[in-house]
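Here is a short briefing on one protein chain. Keep the sequence and the 3D view open as you read.

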Amino acid sequence: MTAGENNQRRQREALRRRFEEELEGLLDRLYGTALRLTRDPDDAEDVVAEAVARAWEKLPELRDWARFEGWLFRILNNTFVSLWRRRRCRQDRETPWDALPADAEDAASFSLFRKLHQPFLLWWGTPEEQFVEGLDHADLARAVDALPDTYRVVVVLVELQGYTYEEAAALLAVPVGTVRSRLSRGRGLLQKALWDYGRQAEHGEPPHPTRPGTGEEPQ
């Protein structure tokens, strides 16, 4: 092996070590995000594995290691969207993306703010704070998981990952107005679910999230 080849090998090994070091601290978050998107542990593992492989292949394109985290999460999201689209293409019959079952329409337009400001609740002083303090991250995770795929994906991208409407629209290949519409409906469904959790907690009952229109608990 020539000196030049040895040098290239050492550079590649150093690059791999740096890649693995940067990746190690992000794996749990990558998996958590993939799980929020896929709602299936096996699919989440597949998405993370494929995203990491893609990231290693594309590593020469990364010019600034300080941008590694955001760059990697974009690859993860692109990987998930590709998987999602492939699976949708296999469906013989599908419900339009923005369609909701009739019994879910009211939930999509539910307003937690209006609900908390019913006259009898005004006596409490700060009902929103008291209500929100009674919820935890597990409640929110259950509510997000119970959303229909179309709305869950947009909520995860915009609300949990901080994508702009324009970035989410480009990633999903839909108009910005469609992202706004899905996010609005997704927020309504989330608010309704969280309100129900709060009411169940008042009666000492564990929350039982269901997918709107199905009455089924998410897997």
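Helices here are DSSP runs of at least four residues, numbered from the N terminus. With that in hand, arginine 39 can be placed in the loop between α2 and α3. The model is predicted. Its main topics below are aromatic pairs, the nonpolar core, one leucine and two unusual backbone angles.

**Aromatic pairs**

- The structure holds five aromatic pairs.
- One of them joins phenylalanine 19 and phenylalanine 68, and this pair is edge-to-face. The ring centres are 5.9 Å apart, with 85 degrees between the planes. The angle counts as edge-to-face because it is over 60 degrees.
- This pair links distant parts of the chain. Phenylalanine 19 sits in helix α1 (residues 3-24), while phenylalanine 68 sits in helix α4 (residues 68-90). The two are 49 residues apart.
- Are these two rings buried or exposed? Phenylalanine 19 counts as buried, at 4% relative accessibility. Phenylalanine 68 is buried too, with a relative accessible area of 1%.
- A stacked pair is formed by phenylalanine 80 and tryptophan 84. Here the centres are 5.8 Å apart and the planes differ by 20 degrees. The pair counts as stacked because that angle is under 30 degrees.
- Both phenylalanine 80 and tryptophan 84 lie in helix α4. They are four residues apart, which is about one turn of the helix. Phenylalanine 80 and tryptophan 84 are both buried.

**The aromatic cluster and its surroundings**

- Which residues form one aromatic cluster? They are Phe19, Trp56, Trp65, Phe68 and Trp71.
- Phenylalanine 19 has contacts beyond its neighbours within four places in sequence. These are with Val52, Ala55, Trp56, Leu59, Trp65 and Phe68.
- A charged residue joins the picture at tryptophan 56. Arginine 16 lies over the face of that ring, at 4.3 Å from the ring centre.

**The nonpolar core**

- The largest nonpolar core has 47 residues. Phe19, Leu30, Phe68, Leu76 and Leu172 have the most contacts inside it.
- Several elements give two or more residues to this core, among them α1, α2 (27-38), α3 (41-58) and α4. Further along the chain, α8 (137-145), α9 (149-160), α10 (165-172) and α11 do so as well.
- Helix α4 gives the most to this core, with 10 residues.

**Leucine 183**

- Leucine 183 belongs to helix α11 (residues 176-202).
- With a relative accessible area of 1%, leucine 183 is buried. It counts as buried because the cut-off is under 20%.
- Leucine 183 touches Val154, Val155, Val158, Glu159 and Tyr165, leaving out residues up to four places away in sequence.
- Tyrosine 165 is 18 residues from leucine 183 along the chain. Their C-alpha atoms are separated by 9.3 Å.

**Two positive phi angles**

- Most residues other than glycine have a negative phi.
- Arginine 39 has a phi near 65 degrees, a positive value in a residue other than glycine. At 12% relative accessibility, arginine 39 counts as buried.
- Alanine 173 also has a positive phi, of about 60 degrees, although it is not a glycine. Alanine 173 is found in the loop between α10 and α11.
- Is alanine 173 buried or exposed? Alanine 173 is exposed, with a relative accessible area of 59%. It counts as exposed because that value is over 50%.

Key:
Residues are numbered from 1 along each chain as its sequence is written. This is a predicted model: local features need pLDDT of at least 70, side-chain atom pairs count only at pLDDT 80 or more; totals for chains, interfaces and linings use all residues. Side-chain values use heavy atoms; hydrogens and water are left out. Rings of Phe, Tyr and Trp (its six-membered ring) pair if their centres lie within 6.5 Å; planes under 30 degrees apart count as stacked, over 60 as edge-to-face and the rest as tilted. Buried means under 20% relative accessible area, exposed over 50%, partly exposed in between (1.4 Å probe, protein chains only). A charge sits over a ring if NZ of Lys or CZ of Arg is within 6 Å of the ring centre and within 35 degrees of the ring normal. Contact means heavy atoms within 4.5 Å. A nonpolar core is a set of buried Ala, Val, Leu, Ile, Met, Phe, Trp, Tyr and Cys residues joined through side-chain atoms within 4.5 Å.
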